[in-house]
Every structure is written in structure tokens, then in C-alpha cells.
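Visitor: Got a minute to walk me through this one? I'd like to click around while we talk.
Guide: Sure, pull it up and ask away.

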Amino acid sequence: MGKIAIVTDSNSGITPALAKEWGVFVVPMPFFINEKVYYEDLTLTQPEFYRCMEQNAEISTSMPAIGEISDLWEKLLQDYDQVLHIPMSSGLSGSCGAAMALAQDFDGKVQVVDNKRISVTQKLSVREARDMVAMGWSAEKIKKYLEDTQYDSSIYITLNTLYYLKKGGRITPAAAALGTLLRLKPVLQIQGDKLDAYAKSRTLKAAKATMLEAIQKDMRERFHAKENAEDMEISVVYSGTDMTEVEIWKNEVQEVFPNHTLMMDPLSLSVACHIGPGALAITCSKKFQG
């Protein structure tokens with residue numbers, strides 16, 4: 001079996017240090033802040049990003065330059081037989097479609113995976129791909145598995161503020177004003193292609209209960225998880241730099257899933273752009289059984 005290089009983007013939350021540890025390659029996502037370009041984890045850290053948010057800077061995301069991706073693939077193919085590229089979901093960015101079009105010029109040596117993941121669920125896909133490479137799977141076989149299981153994950157998020165959804169045009173100013181007036185805590189979901197509304201709660205406590213109920217329901221009804229959900233990966237996720245509520249949330253999730261080793265990660269900045277700091281989230285994904 002030929003050597004396979006695994007490539008992803010920084011939407012996965014895989015830092016340069018972790019990429020080196022795992023032996024994978026990460027394309028940094030560009031951000032424009034007050035019209036100046038920054039690259040996630042290279043020239044823009046999470047604390048710097050949130051400081052810019054607090055200062056009401058103009059922040060927007062962008063796709064990596066196709067030329068940079070092409071150059072990376074060509075460089076890797078000097079040492080590897082194939083490249084397996086795992087970008088963020090095609091429903092949340094055009095970068096996946098652009099990579100798929102570009103891969104047609106590489107005569108099957110580059111396999112681009114659209115498995116509808118982002119942030120920690122995308123990170124899990126990369127980790128599983130590493131396991132499959134170690135087992136001797138081909139890039140084509142890994143791509144098929146990851147795409148066949150693309151909807152075997154859920155993310156639920158509750159927000160601290162509606163301001164950033166309003167700023168990004170994802171809700172109307174009137175809806176944002178009403179939600180703020182009523183002090184609503186919306187719960188959003190990501191299941192594949194979209195960031196969608198799921199429920200509205202009056203308090204953070206109620207929002208967290210809603211997320212826990214939703215994730216347990218998905219485990220039972222969508223994923224048909226085992227009784228103790230030992231076949232599921234569960235993560236506690238957050239945005240921002242204040243860890244006080246995050247630690248409380250992690251303890252609450254641990255009480256519901258006492259036999260699980262919970263992963264805890266920040267949401268990728270491409271998601272944080274739209275929801276702002278202070279968000280709490282929970283994810284679950286079916287484990288690769290090998």
C-alpha cells in the first residue's frame with residue numbers, strides 16, 4: 001500500500017503543534033480583520049481573535065487560495081503516493097467544492113473528502129483517517145467510509161449573545177432585538193451542511209438541559225448507540241477565553257456520561273465568527289469501529 005498524506009484545514013481545530021504530533025498537514029484559514037489578512041494559528045491566535053471581536057473589528061472569513069493548496073499537494077506528492085484532503089463541510093464553505101475541482105487535475109492521486117464536518121467533528125474524522133491509514137486502507141476506501149458516515153455526528157450550541165448572528169445577517173435585527181429583550185438563549189445545531197436554529201430557552205440552565213436531551217435523543221434514535229453510549233465520542237466545546245462556565249458545563253456533561261473520557265476543545269474560529277464568545281456546545285459522533 002502506498003504512502004498517504006492527510007491534509008485538512010484549521011477549521012478542524014488542529015493546531016500546528018498537534019498536526020506535527022499526528023503527522024498530518026493543515027491549511028490555515030484566512031481571516032480579514034479590518035481589511036488585513038490573518039491566518040488562523042499562524043498569525044492569528046484565539047485570544048487575539050476574540051480581542052478583535054471585543055473591539056468591534058470588521059471580521060470576515062475567506063477560502064484558502066487554490067494556488068496554495070495546489071502547491072501543497074504537489075510538494076506532498078514528491079514524498080507520498082496519494083493525498084487525502086479533508087476540508088470543512090461543503091455546506092458551510094466553498095473551499096471543499098474548489099478542492100474537488102482542483103483534484104481532477106491530479107489523476108486520482110488526490111482524494112477530497114466531503115464528510116459534512118466542521119470543528120471537533122472534523123478533527124475526529126482526521127484522527128480516524130490516521131487510524132485507517134495505519135491499518136493499510138487506501139485513500140479511496142477512507143474517502144468512501146468518511147462520506148458514508150458523514151451524518152453520524154451532531155453539534156448543539158447555545159449562545160451568549162445574538163449580536164453576531166444579527167451582524168452576519170443570519171437573523172433579522174428585529175428578531176435579535178426581541179431575543180435580547182426576552183433574554184432568550186437560542187440553541188443552534190450543526191448536522192451536516194447547515195448552522196440551524198433548534199430551540200429557544202429562557203435561561204442558560206434550560207438551554208443546557210435542551211442540548212443534553214437533544215444529544216441523548218440523537219444517540220438513541222439517529223445513531224442507535226449502545227446502552228452506555230460507549231460507541232460514541234462526546235466533546236464539550238466552547239467559544240471565547242473565559243473558562244469558568246466551560247468548566248461548569250463540562251462537569252454537568254460528565255455527570256450525564258460518567259463513563260466517558262470527554263474531549264474539550266474550542267470551537268473553530270470560522271464558527272465563532274458567527275456566534276461570538278461565550279458559547280457552550282456539545283457534540284457526539286459515532287466511533288470508528290475498525
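Visitor: Where is serine 285 placed?
Guide: Serine 285 is in strand β13, which covers residues 280-286. Keep in mind that this is a predicted model.

Visitor: OK. Is serine 285 buried or exposed?
Guide: Buried, because its relative accessible area is 2% and the cut-off for buried is under 20%.

Visitor: And what does serine 285 touch?
Guide: Leaving out residues up to four places away in sequence, serine 285 touches Arg117, Thr121, Leu124, Asp152, Ser153, Asp231, Met232 and Glu233.

Visitor: Let's switch to confidence. What pLDDT does the protein chain average?
Guide: The average is 89, and 93% of the residues score at least 70. Watch residues 169-179, though: the pLDDT there is below 50. Beyond near neighbours in sequence, that stretch has 13 contacts in the model.

Visitor: Noted. Which residues in the largest nonpolar core touch the most other members?
Guide: Phe31, Phe49, Ile157, Leu159 and Ile275, out of 30 residues in that core. At least two core residues come from each of β3 (30-33), α2 (46-54), β8 (153-158), α7 (163-167), β9 (185-190) and α11 (269-275).

Visitor: Which of those gives the most to this core?
Guide: That's α11, with five residues.

Visitor: Say I zoom in on leucine 159. What is it in contact with?
Guide: Setting aside neighbours within four places in sequence, leucine 159 is in contact with Leu165, Lys185, Pro186, Leu188, Ile275 and Ala279. There's also a second, separate core of 22 residues, with Ala229, Tyr238, Val246 and Trp249 among them.

Visitor: What about holes inside? How many cavities of 30 Å³ or more does the structure hold?
Guide: Two. The largest has a volume of about 50 Å³, and the second largest has about 30 Å³ of space.

Visitor: What lines the largest cavity?
Guide: Its lining is Asp9, Val27, Met29, Pro64, Ile69, His85, Pro87, Ser95 and Ala99. By class, that's six nonpolar, two polar and one charged.

Visitor: And the second largest cavity, what lines that?
Guide: Arg117, Glu128, Tyr145, Thr149, Asp152 and Lys286 line the second largest cavity. Four of the residues in that lining are charged, with one nonpolar and one polar. Two names may ring a bell: Arg117 and Asp152 are among the residues that serine 285 touches.

Visitor: Back to Asp9 in that other lining. Why does aspartate 9 count as buried?
Guide: Because its relative accessibility is 3%, and buried means under 20%. Aspartate 9 is in strand β1, residues 4-9.

Visitor: What does aspartate 9 touch?
Guide: Not counting residues up to four places away in sequence, aspartate 9 touches Val26, Val27, Met29, Ile86, Pro87, Met88 and Gln122. The C-alpha atoms of aspartate 9 and valine 26 are 4.9 Å apart, with the two residues 17 apart along the chain.

Visitor: Last topic, backbone oddities. What is the phi of glutamate 35?
Guide: Positive, at about 70°, although glutamate 35 is not a glycine. Most residues other than glycine have a negative phi. Glutamate 35 lies in the loop between β3 and β4 (36-39), and it counts as exposed because its relative accessibility is 77%.

Visitor: And histidine 224, what is its phi?
Guide: Also positive, at about 50°, and histidine 224 is not a glycine. You'll find histidine 224 in the loop between α9 (204-222) and β11 (232-238). It's exposed, with a relative accessible area of 60%.

Note on methods
Residues numbered from 1 in each chain as written. Predicted model: local features only at pLDDT ≥ 70, side-chain atom pairs only at ≥ 80, totals over all residues. Heavy atoms only, no water. Core = buried A, V, L, I, M, F, W, Y, C linked by side-chain atoms within 4.5 Å. Buried < 20%, exposed > 50% of the residue type's maximum accessible area, 1.4 Å probe, protein only. Helix = DSSP H or I, 4+ residues; strand = E, 2+ residues; numbered from the N terminus. Contact = heavy atoms within 4.5 Å. 1 Å grid on protein atoms, 1.4 Å probe; cavity = no way out; pocket = protein on both sides within 12 Å on 5 of 7 lines; lining within 4 Å. Points joined across faces, edges and corners; volume = space filled by probe spheres on them. Nonpolar A, V, L, I, M, F, W, Y, C, P; charged D, E, K, R; others polar. pLDDT = per-residue confidence, 0-100.
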